[in-house]
Amino acid sequence: MTRRTLKLDLPSEEETAQLGRTLARLAIKGDVILLRGQIGAGKSALARAFIRARLGAEVEVPSPTFTLVQTYDAGPVEIWHADLYRLGDPQEAVELGLLDAFETAICLVEWPDLLADLIPQDALDIRLEVARDSHVATLTFNDTWHEKLDTLHVGA
Ligand SMILES: Nc1ncnc2c1ncn2[C@@H]1O[C@H](COP(=O)(O)OP(=O)(O)O)[C@@H](O)[C@H]1O
Ligand SMILES: [Mg+2]
C-alpha cells in the first residue's frame with residue numbers, strides 16, 4: 001500500500017486547531033489518528049479542536065494523561081481520545097478496550113509509540129514538531145486518507 005507524506009506549516013495555535021477541525025470533517029468510524037511529537041508540540045490542542053468541531057465548542061476536553069482514555073459520545077460514533085504516555089505495557093491498551101475502539105470508534109491517540117506493534121497500519125500518522133518560526137505537521141497516510149484529504153484540498 002502506498003504511504004504518502006504531507007508537510008503543513010502551523011504558524012500559530014489557530015492553524016493547529018484548523019487542522020483538527022479539518023480532520024473532524026473527514027473522520028469516520030474506524031479511523032485512527034496518531035498524534036506524535038514532544039510535550040508542548042500541540043497534540044492535545046489538535047485533539048481538542050477535533051472533538052469540539054464534532055461535539056460543540058463548549059465541550060470540556062480534559063487531557064487524558066492520567067485516565068489514559070477519555071471517550072465522547074458523538075452521535076452514532078464514539079470518539080476516543082487517548083494519551084498513552086503513562087501506558088505500562090501495550091497489553092494494557094487491549095484491557096482499556098482501545099483495540100476494539102480502533103474498529104468501532106474514531107480514535108485520536110497521543111504517544112502511540114507505547115502501543116509498539118499494536119499500532120494500526122492504516123492510521124493517519126501526524127508528527128508535530130516545534131521549528132524555529134512555526135510548528136510543522138508531517139502527515140503520513142495511505143490511499144484512503146489520501147482521497148479524503150484530497151476532497152478538502154488539504155496541503156494543496
Ligand atoms: N502551531 C502552534 N504554534 C504555537 N503554539 C501552539 C501551536 N499549536 C499548539 N500550540 C500551543 O502549545 C501549547 C502546548 O500544546 P499541547 O496541545 O498541550 O501539547 P502536547 O499535547 O503535544 O503536549 C498549547 O498552549 C497550545 O495552544
Ligand atoms: Mg497532550
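Is the crossing of helix 1 and helix 2 left-handed or right-handed? In this predicted model, the crossing of the two helices is right-handed, a crossing being called left-handed if the near helix is turned anticlockwise from the far one by less than a right angle, and right-handed if clockwise. Residues are numbered from 1 along each chain as its sequence is written, and chains are lettered from A and ligands numbered from 1 in the order in which they are written. Because the model is predicted, local features need pLDDT of at least 70 and side-chain atom pairs count only at pLDDT 80 or more, while totals for chains, interfaces and linings use all residues, and side-chain values use heavy atoms, with hydrogens and water left out.

Helix 1 spans residues 13-26, and its axis comes within 7 Å of that of helix 2 and crosses it at roughly 45°; helices (H or I, at least four residues) and strands (E, at least two) are DSSP runs, numbered from the N terminus. The axes are lines fitted to C-alpha atoms, for helices over the stretch in contact, and the angles run from 0 to 180 degrees between N-to-C directions. Helix 1 and helix 2 are therefore oblique to each other, given that angles under 35 degrees count as roughly parallel, over 145 as roughly antiparallel, 65 to 115 as roughly perpendicular and the rest as oblique. To the contact (heavy atoms within 4.5 Å), helix 1 contributes Thr 16, Ala 17, Leu 19, Gly 20, Arg 21, Leu 23 and Ala 24, and helix 2 contributes Ala 45, Leu 46, Ala 49, Phe 50, Ala 53 and Arg 54. Sorted by class, nine of these residues are nonpolar, two are polar and two are charged, where Ala, Val, Leu, Ile, Met, Phe, Trp, Tyr, Cys and Pro count as nonpolar, Asp, Glu, Lys and Arg as charged, and the others, Gly among them, as polar.

Helix 2 also takes part in the metal site, in which Ser 44 (OG) and Glu 110 (OE) are the protein donors of the magnesium ion (ligand 2), at 2.2 to 2.4 Å from it. Donors are N, O and S atoms within 2.8 Å of the metal (3.2 Å for Na, K and Ca), and water is not among the atoms, so sites may look incomplete. Distant parts of the chain are linked by this pair, since Ser 44 belongs to helix 2 (residues 43-55) and Glu 110 to strand 5 (residues 106-110), 66 residues apart. Ser 44 and Glu 110 are both buried, a term that means under 20% relative accessible area, with exposed over 50% and partly exposed in between (1.4 Å probe, protein chains only).

Beyond strand 5, the loop that leads to strand 6 (124-130) holds Trp 111, and Ala 116 lies in the loop between these two strands as well. Most residues other than glycine have a negative phi. Phi of Trp 111, however, is near 55°, and that of Ala 116 is about 50°, again positive although the residue is not a glycine. Trp 111 is partly exposed, with a relative accessible area of 21%, and Ala 116 is likewise partly exposed, at 43%. Leu 84, in the loop between strand 4 (77-83) and helix 3 (90-95), is buried at 0% relative accessibility. Leaving aside neighbours within four places in sequence, Leu 84 is in contact with Leu 98, Val 109, Glu 110, Trp 111, Pro 112, Leu 114 and Leu 115, and its C-alpha atom is separated by 8.3 Å from that of Asp 113, 29 residues away along the chain.

A further set of contacts involves Asp 31, in the loop between helix 1 and strand 2 (32-36), and Lys 148, in helix 5 (residues 143-151). Asp 31 is buried at 10% relative accessibility, and Lys 148 is buried at 14%. Not counting residues up to four places away in sequence, Asp 31 touches Leu 26, Ala 105, Ile 106, Cys 107, Trp 145 and Lys 148, whereas Lys 148 touches Leu 26, Ala 27, Ile 28 and Asp 31.

Towards the start of the chain, Arg 3 lies in the segment before strand 1 (4-10) and is partly exposed, at 38% relative accessible area. Thr 140, in strand 7 (residues 135-141), is 137 residues from Arg 3 in sequence and 6.5 Å from it in space, C-alpha to C-alpha. Among the residues in contact with Arg 3 are Gln 121, Asp 122, Thr 140 and Phe 141.
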